[in-house]
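Grab a coffee and open the viewer. Below are a few short exercises, each with a solution worked through in steps.

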Amino acid sequence: NVVVIGNRSEGNSELSELAKAALAAAVPGVDVGLACALWNTLDASKDNSVSASFAAQVESGLVTIVLCVLPACISRHNSPTQAYEVRSLSRKHCGGEGVLCLPVLKDPAHALGVTLAIAGGVPAYSRKGSSKVSDVTVVPVSPSPLPEDLLPKLNIATRSVRLTCALVDAPPNELGTTQMVIEAQRVAARCKAAGKNVTITVIEGEELE
């Protein structure tokens, strides 16, 4: 599935050329004209976002395209990234395996905030029957080129936020103190493998007295 999240340009209801190009690159063979027509029907209010979806048959198979228009303003407007509403849309539409999210930025400086909002909205822990943990990749669509090294950093930040959410959501019978130490050691090992100077100290047993 592919999820596009963005704003209407002031005085212009059309899907931006940046979004069109990003969608065409993400889903080769998709009918961009259909996406534009659907986008034009979405009328977000000042306070609420709106979304719609369609299925596209392309060479790789059947793909669901979800288009989300952010509100012009929201009550929790303490950030120009509209992170609160972005997170809400992410929670609603980015669940599942192999989801690609294309947030259309108004400002390149919003890349980190928007990416982390999306990551925080996608469940990283689930024990609901046979449901699988969601997997999402975030590729910001910026009005000006982003630094070449930014996307790998955003991917790391996404995984970090989702791991943190999973640790918070896991119940004590699955994530006790022993399991927490093991998870911390795994994180430290990954950091060391990436060339980071990381040490871990475990205080346990009599040392706690």
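**Exercise 1: Placing Ile5**

In strand 3, Ile5 has Cys68 as its bridge partner. Keep in mind that this is a predicted model.

*Task.* Work out which strand Ile5 sits in, and whether Ile5 counts as buried or exposed.

*Solution.*
- Step 1: find the element. Ile5 belongs to strand 1, residues 2–6.
- Step 2: check the accessibility. The cut-off for buried is under 20% relative accessible area. Ile5 comes in at 2% relative accessibility, so Ile5 counts as buried.
- Step 3: see who is around. Skipping neighbours within four places in sequence, Ile5 touches Cys68, Leu70, Leu89, Cys101, Leu102, Pro103 and Val104. The bridge partner Cys68 is thus also on the contact list of Ile5.

**Exercise 2: Building the sheet**

*Task.* Say how strand 3 pairs with strand 1 and with strand 2, then give the order of the strands in the sheet.

*Solution.*
- Step 1: take strand 1 with strand 3. These two run parallel, joined by 5 bridges. Besides the Ile5 pair, Val3 stands opposite Val66 in strand 3.
- Step 2: turn to strand 2, residues 50–58. Strand 2 pairs with strand 3 in the antiparallel sense, over 9 bridges. A hairpin of 2 residues links strand 2 to strand 3, and Val58 has Gly61 as its bridge partner in strand 3.
- Step 3: put the strands in order. The sheet is open, has 5 strands in the order 2-3-1-4-5, and its pairing is mixed. Strand 2 and strand 5 (136–138) are the edge strands, each pairing on one side only. From one strand to the next, the twist averages 20 degrees.
- Step 4: look at how covered strand 3 is. Of the 9 residues in strand 3 (residues 61–69), 7 are buried.

**Exercise 3: Two helices**

*Task.* Decide how helix 3 and helix 4 are oriented, and list the residues that meet.

*Solution.*
- Step 1: get the geometry. Helix 3 (residues 83–93) packs against helix 4 (residues 111–121) at an angle of about 40 degrees, and the axes are 7 Å apart.
- Step 2: name the orientation. With that angle, helix 3 is oblique to helix 4.
- Step 3: add the handedness. The crossing of helix 3 past helix 4 is right-handed.
- Step 4: list the contact. From helix 3 come Ala83, Val86, Arg87, Ser90 and Arg91, and they meet Val114, Ala117, Ile118, Gly120 and Gly121 in helix 4. By class, that makes 5 nonpolar, 3 polar and 2 charged residues.

Note on methods. Residues are numbered from 1 along each chain as its sequence is written. This is a predicted model: local features need pLDDT of at least 70, side-chain atom pairs count only at pLDDT 80 or more; totals for chains, interfaces and linings use all residues. Side-chain values use heavy atoms; hydrogens and water are left out. Axes are lines fitted to C-alpha atoms, for helices over the stretch in contact, and angles run from 0 to 180 degrees between N-to-C directions. Helices (H or I, at least four residues) and strands (E, at least two) are DSSP runs, numbered from the N terminus. Angles under 35 degrees count as roughly parallel, over 145 as roughly antiparallel, 65 to 115 as roughly perpendicular and the rest as oblique. A crossing is left-handed if the near helix is turned anticlockwise from the far one by less than a right angle, and right-handed if clockwise. Contact means heavy atoms within 4.5 Å. Ala, Val, Leu, Ile, Met, Phe, Trp, Tyr, Cys and Pro count as nonpolar, Asp, Glu, Lys and Arg as charged, and the others, Gly among them, as polar. Buried means under 20% relative accessible area, exposed over 50%, partly exposed in between (1.4 Å probe, protein chains only). Two strands pair if DSSP finds at least two bridges between them.
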